[in-house]
Amino acid sequence: MKLWGGRFRKETDTLVNDFNSSIHIDERMVREDITGSMAHAAMLGDCGIISKEDVRQIIDGLKGILADVEAGKIELSAEAEDVHMNVESLLTERIGEAGKRLHTARSRNDQVAVDLRLHLKREIGEIITLILNFEKVLLRQARAHQSTVMPGYTHMQRAQPISFAQHLLAYAAMLCRDVTRLEDCRKRMDQSPLGCGALAGTTYPIDRWQTARELGFTAPTSNSLDGVSDRDYVIELLSALSLIMMHLSRFAEETILWCSWEFKFVELDDAYSTGSSIMPQKKNPDVAELVRGKTGRVYGDLMSLLATMKGLPLAYNKDMQEDKEPIFDAVDTVKLCLPVFAGMIDTMRVLPENMRRAAAVGFINATDCADYLVKKGMPFRDAHAVVGNLVYYCGEHKICLEDLSLNELKDHSPLFEEDVYEALKLEVCMDQRSSYGGPALAETTRQINEVESFIAARFN
């Protein structure tokens, strides 16, 4: 007979039991379930609701169960539906009557809510660490390539000269935002629903502040209905994880382009590439492609829970059992992708000569040519038109701006002087972009230092 079976006169159909069971999903929360139960039992004893001897037996029993689970000596059963009922059944088997008193003044509704919050708080900490380790990889590569000129793109057309460091630091900035989003999400998650009961609290004189403190929460949830039916924190975390994957996917797309023969800006390490079963010359960027593909999977996890929650009345509904599979899948996917992507970027070989060669064509110093004329006194719109005509002229004659003679330049504007050739050098164009956030050496150094400080503040 199930622990809740007193009202029933028939056994649950086997198909229904399998359909209803969530143990294959929520068994990963066994540590949190036992931790929450020990805090709940201690509070019941301190409030005089159960005896101190019962508390001692319950906590000792729960510690033994946790030790056996972690040692692989216990296999949780689908017959008991979920992790909560498994733990309570095992406890009662081991310590008898005292085990039956553990569930006093609580419901599985507040129990699962506290387990999930505890579990996701821990997972957030692990994901933040993975992101920060990836940031360190980006900084190592950025330091090595502050003077490596490459074309920056808009509309996938060569636009202006930047450094490879500047490009990598753009992703570092995205990852910094990802970390702060996770930190913000964890703050809103940091309230304990334990003691909300099924929906309306309890008639027992419990101390929800005690269990909240014991479990490391800043406070208990303030409304018992909301405490058991809220899954905003799961959806918010899924949203943050989706953004992380979006950033990785953008980076993956560029990496795939960069290592193609059409670009050949980087070469991936053999350890982070695969070959073809039929074409012996192939070196495929499978890591980047899989990350790009798995992004859609995490998006799907987010959308599935949004769809599940959109029509649920207060308070708890069994539909909400569907919250754990998508969030656990998304967490696992992000934790899988971050370290392997970091390893791929850390070991790739950058090819500066190819980047410089690509930057040399496509007139990416055209804006600098216009700025040169502006500094000589010409209005920008007029300078834009002059340089546009020059680009057309160069295209007709298959030459670059810096290949034009001074006479050819003066044919378009008398403001051109010999110093224009220095202004058109790609390295000069890049290093003169010293406005805050730009690719100049001083600015990429500042950006690197800022990200280093960001990381250090979280590892200290």
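I began with Ala315, which I located in the loop between helix 12 (286–309) and helix 13 (324–347). I kept in mind throughout that this is a predicted model. At this place I looked at the backbone and noted that a cis peptide bond joins Leu314 and Ala315, with omega at about 5 degrees.

**Positive phi**

I then turned to residues other than glycine with a positive phi, and wrote down His155, whose phi is near 55 degrees. I found His155 in the loop between strand 1 (149–154) and strand 2 (157–163), and I class His155 as exposed because its relative accessible area is 76%.

I made a second entry of this kind for Lys264, also a residue other than glycine, where phi is again positive and near 55 degrees. Lys264 sits in the loop between helix 11 and strand 5 (266–267), but here the relative accessible area is 17%, so I recorded Lys264 as buried.

**Cysteines**

How many disulfides does the structure hold? I count zero disulfides in the structure, and I went on to look up two of the cysteines to see what keeps them unpaired.

For Cys196, the closest cysteine sulfur belongs to Cys47 and lies 15 Å from the sulfur of Cys196, so the pair is too far apart for a bond. My cut-off for a disulfide is a pair of cysteine sulfur atoms within 2.5 Å. I also noted that Cys196 is buried, because its relative accessible area is 0%.

For Cys394, the closest cysteine sulfur is that of Cys400, and at 7.3 Å this pair is likewise too far apart for a bond. Cys394 has a relative accessibility of 0%, so I entered Cys394 as buried.

**His167 in helix 8**

I next looked up His167, which belongs to helix 8 (residues 164–189). Is His167 buried or exposed? His167 counts as buried, because its relative accessibility is 13%. Leaving aside residues up to four places away in sequence, I listed its contacts as Met150, Ile162, Glu254 and Trp258.

**Asp232 in helix 11**

My last entry concerns Asp232, which I placed in helix 11 (residues 232–258). With a relative accessibility of 55%, Asp232 counts as exposed. I also checked Asp232 against Leu401, and found that the two are 169 residues apart in sequence, while their C-alpha atoms are 56 Å apart in space.

Conventions:
Residues numbered from 1 in each chain as written. Predicted model: local features only at pLDDT ≥ 70, side-chain atom pairs only at ≥ 80, totals over all residues. Heavy atoms only, no water. Helix = DSSP H or I, 4+ residues; strand = E, 2+ residues; numbered from the N terminus. Buried < 20%, exposed > 50% of the residue type's maximum accessible area, 1.4 Å probe, protein only. Contact = heavy atoms within 4.5 Å.
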